[in-house]
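Q: Please take me through the labels one would attach to this model, and for each label set the computed value against the cut-off that decides it.

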Amino acid sequence: MNRKTLVLPALAGLLAPALAACGSSDGTGSGGSPIVVGVASQIEATKAAPAPLDPAAAYDIDAWNVLRSTFQTLMRVPRSGTAPVPEAAESCGFRDTQNEQYRCTLRSGLKFSNGHALTAQDVKFSIDRLRTINYTNGPVSLLNDVDRVETPSDREVVFHLTKPDATFPQKLATPAAAIVDSQVYPKNALYKGWETAGSGPYTLKTEHSGDRLSKADFTKNPEYKGGLTVKNDKVEMRFFDDSADMEQALRKGEIDLLSRGLTPQQVKGLQNSGDKHLMLQEMPGQEIRYLAFNTNDPAVSNKAVRQAIAQVVNRSQLVRDVYSYTADPLYSLVPTGVTGHINSFFTKYGNPNVAAARQTLQQAGINTPVKFTLTYSKNHYGSSTAKEFAALQQQLNSTKLFDVNTKGVDRWQQFRTDESDHKYAVFGMGWFADLPDADNYLAPFVGKGNFLNSPYHNEKIENQLIPGTRQQTDRNAAAAGFKQVQDILADDVPFLPLWQGKQYVAARDNITGVEWAVNSSSALQIWELGRGVAS
């Protein structure tokens with residue numbers, strides 16, 4: 001996801017309670033004012049992307065945080081750990097030894113917030129609809145391996161897969177598999193605008209300014225029947241254009257919590273603020289940042305150019321000078337701590353080496369300086385992005401091997417549309433994992449229908465290695481295949497991993513459940529928040 005950051009065994013205890021609000025609380029948040037959550041990002045409805053809250057189209061972390069609170073999925077990621085557990089389902093499991101048939105039984109009495117009954121036919125409708133619409137830049141690739149969906153009864157759903165996929169239960173826990181009301185959502189078209197009709201823990205009302213969502217009000221859904229315990233009655237989510245404004249709102253008590261979007265300088269300021277009414281919690285993060293290459297663009301179509309770039313980019317400098325050590329250097333698309341991770345880019349290229357890059361270009365007969373533009377989204381990944389790309393520009397141009405310009409794009413949806421249309425030679429992207437498995441850091445980026453619409457293909461990865469890893473129910477056994485994929489990507493360089501971010505949650509001291517606010521998929525769990533007594 002462009003979104004959307006952690007790990008397997010290493011994560012099992014990641015979110016164990018480490019920090020609690022002062023005083024006591026019944027954990028309900030009942031009867032009081034809404035808990036207000038700040039988000040320094042934008043959800044937009046544009047001509048190119050008119051349905052930002054339709055599960056068939058939404059594929060970024062902010063929209064998914066809204067969808068997770070308003071829709072149900074058959075499975076869900078638990079408050080801690082990585083193994084999915086039933087949500088709308090009462091039980092689910094593979095019914096064959098090849099991981100090709102997956103059967104779920106729904107909970108009884110499920111209803112959408114509008115009172116309509118939720119049945120197995122709605123589940124089938126939702127999956128079929130996602131695949132029929134096949135929305136560009138949407139999450140359909142997560143469920144590409146579904147062959148057909150059967151509904152033997154109103155409470156039974158059977159998924160037949162085209163090939164084995166041990167990660168399928170985790171995919172059913174993503175908003176790509178959100179269950180929509182077949183009486184409300186059109187079968188062959190997107191549900192445009194800001195309304196939702198789900199069966200999740202909250203109902204939703206929105207306010208927007210022009211084509212941007214400005215506020216989302218979540219109210220506890222009395223019809224909800226699922227596995228979550230909702231610890232508040234209302235949550236209000238406010239969207240800020242600027243992280244500095246969001247931080248000030250937290251300090252003034254206008255918002256109660258923020259979960260991402262802080263600059264490194266703001267993190268340091270909150271750590272050293274001395275304000276006893278504020279708390280900042282650091283967690284290991286799954287967010288990764290990388291450069292993506294249009295491998296058909298003349299400027300970077302030759303692998304040697306991409307390899308030379310990999311030989312001179314200085315990740316440690318970025319982490320130090322731009323991100324003040326709130327991130328760590330990353331040498332694979334698979335972050336450190338995830339089962340199967342190896343430092344494939346460091347193994348191949350080592351520390352930055354201008355002489356080695358010059359030799360790579362000379363041996364390939366590439367004339368220097370190589371000219372291209374680094375394109376980035378100005379707002380989607382925070383205000384530090386411009387500084388990061390200025391640093392990358394300086395690193396590359398100082399070698400005299402490259403002549404690089406930078407270009408920032410104001411609107412995220414425009415950036416995504418243009419990137420998908422192959423208008424950029426090299427561009428910056430981030431990724432929060434859809435599911436905490438190495439597969440989700442590799443498979444979405446290669447092959448037909450990949451997340452970036454990248455022209456890069458590798459038959460061994462697509463036809464042998466990824467399918468092979470998906471046959472392994474024991475994900476540790478899949479590590480060997482994942483390592484081969486990472487080595488191939490390090491050699492071909494269709495992407496260049498840069499850094500892995502840490503994760504911060506800041507809150508007022510009367511908010512409880514902060515330690516559970518973010519799960520192992522970096523999803524915001526607003527139902528865990530309550531209001532206690534300030535110290």
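A: The model is predicted. A first label concerns F495, which has a relative accessible area of 2%; buried means under 20%, so F495 is called buried.

Q: Where does F495 lie, and which residues is F495 in contact with once its neighbours within four places in sequence are left aside?
A: F495 lies in strand β18, and, with those neighbours left aside, F495 is in contact with Y290, L291, A292, F293, L333, F345, F445, L452 and S454, where contact means heavy atoms within 4.5 Å. In addition, F495 and A310 are 185 residues apart in sequence, while their C-alpha atoms are 9.5 Å apart in space.

Q: Why is N137 counted as buried, and why is N134 called partly exposed?
A: N137 has a relative accessibility of 19%, and since the cut-off for buried is under 20%, N137 counts as buried. N134 has a relative accessible area of 47%, a value that falls between the limits of 20% and 50%, and therefore N134 is partly exposed. N134 is placed in the loop between α2 (120–133) and β6 (146–153), and N137 is found in the loop between α2 and β6.

Q: What is noted about the backbone of N134 and of N137?
A: N134 has a positive phi of about 50° although N134 is not a glycine, and N137, not a glycine either, has a positive phi of about 70°.

Q: What makes α6 and α9 roughly antiparallel?
A: Helix α6 (residues 303–312) and helix α9 (residues 354–363) pack at an angle of about 175°, with their axes 8 Å apart. Angles over 145 degrees count as roughly antiparallel, and α6 and α9 are therefore given that description. In this contact A304, V305, Q307, A308, Q311 and V312 of α6 meet V354, A356, A357, T360 and L361 of α9, and these residues divide into 8 nonpolar, 3 polar and no charged.

Q: Why is α7 called oblique to α10?
A: Helix α7 (residues 315–322) and helix α10 (residues 384–397) pack at an angle of about 140°, with their axes 10 Å apart. Roughly antiparallel requires over 145 degrees, while roughly perpendicular covers 65 to 115, and an angle of about 140° therefore makes α7 oblique to α10. The crossing of α7 and α10 is right-handed, and the contact is made by Q317, L318, D321 and V322 of α7 together with S384, K387, E388, A391, L392 and Q395 of α10. The residues of this contact divide into 4 nonpolar, 3 polar and 3 charged.

Q: How do you know which strands are the edges of the sheet of 6 strands?
A: This open sheet has the order β14-β18-β13-β17-β15-β16, with mixed pairing, and the edge strands are β14 (327–329) and β16 (402–409), each of which pairs on one side only. The twist averages 30° from one strand to the next.

Q: How do you know that β13 and β17 pair?
A: Two strands pair if there are at least two bridges between them, and 6 bridges join strand β13 (residues 288–293) to strand β17 (residues 426–431), the two running antiparallel. One such position is L291, whose bridge partner in β17 is G428.

Q: Which strands of the sheet does α10 touch, and which does α11 lie across?
A: α10 packs on the sheet and touches β13, β15 (370–377), β16, β17 and β18 (495–501), its direction making about 170° with that of β15. Helix α11 (residues 412–420) lies across β15, β16 and β17, running at about 120° to β17.

Q: What makes the side chains along β5 an alternating pattern?
A: In strand β5 (residues 101–106), Y102, C104 and L106 point to one face and are buried, whereas Q101, R103 and T105 point to the other face and are not buried. In a regular strand the side chains alternate between the two faces of the sheet.

Q: How many bridges join β5 to β4 and to β7?
A: Strand β4 (residues 89–94) is joined to β5 by 5 bridges and runs antiparallel to it, with S91 having T105 as bridge partner. β5 and strand β7 (residues 156–161) also pair in the antiparallel sense, over 5 bridges, and C104 stands opposite V157 in β7.

Terms used: Residues numbered from 1 in each chain as written. Predicted model: local features only at pLDDT ≥ 70, side-chain atom pairs only at ≥ 80, totals over all residues. Heavy atoms only, no water. Axes fitted to C-alpha atoms, helices over the stretch in contact; angles between N-to-C directions. Parallel < 35°, antiparallel > 145°, perpendicular 65-115°, else oblique. Nonpolar A, V, L, I, M, F, W, Y, C, P; charged D, E, K, R; others polar. Left-handed = near helix turned anticlockwise from the far one by under 90°. Buried < 20%, exposed > 50% of the residue type's maximum accessible area, 1.4 Å probe, protein only.
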